[in-house]
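Work through the two exercises below with the coordinates open, and compare each step with the solution that follows it.

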Amino acid sequence: MATGSMLEPPPPGSAAQLASGFGQRVLLTVDTEEEFYWDAPFRRDRYGLSHVAAIPRFQRFCEAIGAHPVYLVDWPIVTDQAAVAIIGDAVARGKADVGLQLHPWVNPPFTEDVNDYNSFAGNLPRELEAAKLMALRDAIAEAFGAPALIYRAGRYGLGPHTADLLKTAGIRIDTSVRSLFDYSAKGGPDYSDHPLAPYWADDERTLLELPVTSVHSGLLRHAGRKVQRWGQRIPRAMGAFSKLGLLERIALTPEGVSVDEALRGVDVALEGGLPVLVLSFHSPTLAAGNTRYTPTEAGVEALYHWFEAIYAALDRRGVRTCTVTEILTASTP
């Protein structure tokens with residue numbers, strides 16, 4: 001039986017029940033990628049990797065606060081010797097995991113036009129999406145000496161064939177769904193109605209979807225999806241709802257989300273019984289000047305403060321870190 005497209009919310013009964021004793025955990029995912037201008041047209045060339053030199057500090061920091069990062073690496077990263085050596089050392093010591101992140105515009109084979117629509121890998125023809133995915137999978141296995149088991153589509157760009165391709169590639173977890181977000185205006189997927197909690201993406205229950213964590217907070221959060229759909233039709237309505245404490249959408253990321261906002265999001269996620277809080281951010285943000293989130297060194301230090309505050313709060317709530325293997329073990333049907 002063909003696996004679902006992952007573009008539509010899953011049917012009832014797809015929720016993944018994690019093993020008793022797993023509790024509530026946190027997983028830190030890093031979109032480990034090249035530096036490029038986010039607001040400029042996509043290009044196959046003229047990208048940078050200077051921020052790779054900042055990854056060792058981040059890894060030491062993670063080990064000090066008890067975080068276990070999952071480096072979701074793309075083609076420019078896996079073909080860079082320095083990046084492989086740094087991340088590979090952490091993986092070999094059992095202090096990090098590695099996974100795949102597909103940026104099709106910089107990932108061979110190169111046969112498609114480079115444009116916004118094709119930057120979502122799931123929009124590519126099945127054969128081309130498969131070829132790019134398998135090339136990245138094989139490069140990662142060769143570079144790190146072991147197969148990667150977790151995947152994120154760059155720009156969260158799942159497509160109608162992605163689930164079947166991931167299963168063929170031996171991927172066990174997808175973490176491309178960004179619940180409560182809609183990228184359809186740019187040609188990407190709409191995840192507005194997708195679940196927040198892990199669920200099975202296939203009937204055989206071999207491909208686990210682990211959504212990136214976003215929640216609604218505020219007085220109207222229990223009707224959040226409906227209010228959000230209504231509010232997004234009116235300019236500045238969502239900003240007004242947030243200021244009035246009625247409804248805010250909080251993504252658990254240090255990129256554009258304050259510590260106070262994130263702590264509110266953590267409270268909502270934990271009180272709602274979410275078994276795994278999936279944090280995320282982009283590796284170029286680790287060095288000043290690469291993204292809008294850390295334009296200066298002070299911004300970089302603020303990013304580290306964000307993680308320190310969030311992990312301290314999670315520790316006080318008894319929320320432990322987890323690894324990809326632990327999630328797979330706990331979710332085995």
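The exercises concern two buried side chains. This is a predicted model, in which local features need pLDDT of at least 70 and side-chain atom pairs count only at pLDDT 80 or more, whereas totals for chains, interfaces and linings use all residues. Residues are numbered from 1 along each chain as its sequence is written, and side-chain values use heavy atoms, with hydrogens and water left out.

**Exercise 1.** Determine where H51 lies and which polar contacts its side chain makes.

Solution. Begin with the position: H51 sits in the loop that runs between strand 1 (25-32) and helix 1 (55-65), where strands (E, at least two residues) and helices (H or I, at least four) are DSSP runs numbered from the N terminus. Next, H51 counts as buried because its relative accessibility is 0%, the limit for buried being under 20% relative accessible area with a 1.4 Å probe and protein chains only. Then look at the side chain of H51, which reaches the backbone oxygen of E33 at 3.4 Å and is joined to the side chain of S283 by a polar contact of 2.8 Å; such a contact is a pair of N or O atoms within 3.5 Å, one able to donate a hydrogen and the other to accept it, and residues adjacent in sequence count only if both atoms are side-chain atoms.

**Exercise 2.** Is S14 buried or exposed, and which backbone oxygen lies 2.8 Å from its side chain?

Solution. S14 is found in the segment before strand 1. With a relative accessible area of 10%, S14 is buried. Finally, a polar atom of the S14 side chain lies 2.8 Å from the backbone oxygen of P11.

Technical notes: Buried means under 20% relative accessible area, exposed over 50%, partly exposed in between (1.4 Å probe, protein chains only).
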